[in-house]
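Colleague: Could you take me through one part of this model in close detail? I would like a connected account rather than a list.

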Number of protein chains: 2
Amino acid sequence: MRDAIVGAAFQLFGERGFEQTTVDDIVALAGVGRRSFFRYFPSKESVVFPDHEGCLEGMTAFLADPAGDADDPVARVCEATRMVFRMYAANPEFSVRRYELTRQIPALRAHEAAVVRRYERTLADYLRGRFADRADGSLRAEAIAASVAAAHNHALRIWLRAGGRADAEPDVERAMAYVAEAWSERPDKALADGASEPDEVVVVVARRGAPMWRVVRGVQEALEKH
Amino acid sequence: MRDAIVGAAFQLFGERGFEQTTVDDIVALAGVGRRSFFRYFPSKESVVFPDHEGCLEGMTAFLADPAGDADDPVARVCEATRMVFRMYAANPEFSVRRYELTRQIPALRAHEAAVVRRYERTLADYLRGRFADRADGSLRAEAIAASVAAAHNHALRIWLRAGGRADAEPDVERAMAYVAEAWSERPDKALADGASEPDEVVVVVARRGAPMWRVVRGVQEALEKH
C-alpha cells in the first residue's frame with residue numbers, strides 16, 4: 001500500500017505538478033483512504049522522501065552496534081553516512097526524478113533540509129558519545145557531523161546531476177576520505193607510541209626555504225630509523 | 001511598521017501560542033493591513049526571524065568586499081559568521097525568547113533549518129570562489145562552510161541555553177578558532193613564505209618521544225630567528 005501511494009503521488013506530481021496535487025488526489029489514484037495515507041506519511045512532502053525514515057533507523061542501529069566501538073569514530077560516521085548514498089544508489093531513476101522535483105519546489109527543499117538535519121544530529125549524537133571524555137567533545141562532534149554530511153551531499157549532488165550514473169561511488173569514497181583526513185588528529189598525536197622512549201634524540205638539518213612537509217617527513221623518517 | 005508587526009506577533013505567540021495565532025490576529029493587533037504584513041514577511045514563520053534577511057545581506061556584502069581577498073579564506077568566513085552571533089547578542093532577551101519558542105514549534109525549527117542552510121550556502125559560495133583553483137575546491141568549500149556553521153550554532157546554543165548571558169562571546173571565538181584550526185593547511189603549507197631564501201639551514205634537536213607539534217614548533221621558531 002505504501003508503494004502504491006508513492007507511485008500514485010509521483011505519477012500525479014509528474015502530470016500536474018507537486019503544488020497542484022492534493023493528498024485527496026493521491027489517495028484517489030492509489031485507491032486507498034486518507035487515513036491510510038497519514039498512517040504512512042505525516043505530510044504530502046514526506047511522500048517524496050519515503051525511504052529516509054528507514055535509512056535513519058538503519059543508521060541509528062548501525063551506530064548503536066557495540067561492534068563499532070573499536071573503530072575510529074570519524075571512520076564510523078563516514079561508514080554510516082555511506083548508507084544514505086547506497087539508499088539513493090539502489091534506485092537511481094527514482095532518486096534523479098526526486099532530485100529534479102525537489103529543486104523546483106521550495107517546500108520540498110525545506111523538507112529535505114530538515115531530513116539532512118536529522119542525519120546530522122544522528123551522527124553528532126554518536127560522536128558526542130564517543131568523545132565524551134574530551135573537553136572539546138560536543139563541539140568536535142557537531143563540527144565533524146556537519147562536515148561529513150556536507151561532503152556526502154556534495155558527492156551525492158554530483159551523482160544526481162550526472163543522472164545517477166553507476167560509477168559515482170568513488171566520489172562518495174573520496175568525499176568521505178577527505179573529511180576523515182581533515183579531522184584526523186594532528187601529527188602531534190601520530191607519534192604517541194614513541195613516548196615510551198623519551199631519551200633518544202634526533203637531529204634534523206633543514207634548509208630555511210624547505211617546505212615544512214619535507215621537514216616533518218625528514219623528522220619522521222629519522223625517528224623511524226632510530 | 002515592521003517592528004510593530006514583530007512586537008504584536010510575539011505578544012500573541014506568548015499569550016495564545018504560535019499555532020493558535022493567525023496573520024489576521026497579528027495585523028489586527030499591530031493596526032496594519034495584511035498586505036503590509038506580506039510586504040515585510042513571506043509567512044508567519046518568518047516574523048519569528050525578522051533579522052536574518054538583513055544579516056544575510058550584511059554577510060554577503062562583507063564577503064564580497066575585495067578588502068578581504070588577502071585574508072585567509074577560512075578566517076574570513078569565521079569573521080562573517082560572527083556577524084550572526086552579534087545579531088543575536090544585540091538583543092539577548094528577544095533571542096532567548098525566540099529560542100524557547102522555536103524549540104517548541106516544528107514549523108519554526110524547519111524554518112530555522114532553512115535559514116541555516118542559506119548562511120551555509122553564502123559561506124560555501126564565497127569559499128568556492130576563493131578555492132577556484134583547487135581540484136578539491138568545491139568539496140572543501142562545502143565541508144568547511146558546514147562545519148563553521150555547526151560550530152557557530154553550537155556556541156550560540158550554549159549562549160541561548162544560558163539565558164543569553166553577556167560573557168558568551170569567548171565560546172563563539174573558541175568555536176571559530178577550533179574549526180579554523182581543523183581546516184588550516186597542514187604544516188607543509190605554513191612556511192611557503194620562506195621559499196625565497198633557500199640556502200640557510202636550521203638544525204633542530206628533538207627528543208625521540210617529543211610530540212610532533214613540539215618538533216614542528218621548534219623548527220618554526222628556529223626559522224623565525226634566522
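**A glutamate and the helices around the model**

Modeller: Happy to! Let's begin with A:Glu45, which sits in helix H4 (residues 44-47) of chain A; please keep in mind that the model is predicted. A:Glu45 counts as buried because 20 other C-beta atoms lie within 10 Å, and 20 or more is what the term asks for. Setting aside neighbours within four places in sequence, A:Glu45 has contacts with A:Ala107, A:Leu108 and A:His111. Its C-alpha atom is also 9.9 Å from that of A:Ile105, although 60 residues along the chain separate the two.

In chain B, helix H4 (44-47) is among the elements that cover the buried residues of H1(B), and so are helix H2 (23-30), helix H3 (34-40) and helix H7 (92-104). Those buried residues are B:Ile5, B:Val6, B:Ala8, B:Ala9, B:Phe10 and B:Phe13. H1(B) itself covers residues 2-16, and its 15 residues reach 21 Å from first C-alpha to last, close to the 21 Å expected at 1.5 Å a residue. Just after this helix, B:Gly17 adopts a positive phi of about 95°.

Finally, a look at where the chains meet through H9. Helix H9 (residues 137-161) of chain A packs against helix H9 (residues 137-161) of chain B at an angle of about 150°, the axes being 8 Å apart. The contact draws on residues of both helices, including A:Ala143, A:Ala146 and A:His154 of H9(A) and B:Ala143, B:Ala146 and B:His154 of H9(B). By class, this contact has 12 nonpolar, 6 polar and 2 charged residues. The crossing of H9(A) past H9(B) is right-handed.

Technical notes. Residues are numbered from 1 along each chain as its sequence is written. Chains are lettered from A and ligands numbered from 1 in the order in which they are written. This is a predicted model: local features need pLDDT of at least 70, side-chain atom pairs count only at pLDDT 80 or more; totals for chains, interfaces and linings use all residues. Axes are lines fitted to C-alpha atoms, for helices over the stretch in contact, and angles run from 0 to 180 degrees between N-to-C directions. Helices (H or I, at least four residues) and strands (E, at least two) are DSSP runs, numbered from the N terminus. A crossing is left-handed if the near helix is turned anticlockwise from the far one by less than a right angle, and right-handed if clockwise. Two residues are in contact if their C-beta atoms, placed from the backbone, lie within 7 Å. Ala, Val, Leu, Ile, Met, Phe, Trp, Tyr, Cys and Pro count as nonpolar, Asp, Glu, Lys and Arg as charged, and the others, Gly among them, as polar. A residue is buried if 20 or more other C-beta atoms lie within 10 Å of its own, exposed if 12 or fewer, and partly exposed in between; C-beta atoms are placed from the backbone. The expected span of a helix is 1.5 Å times one less than its number of residues.
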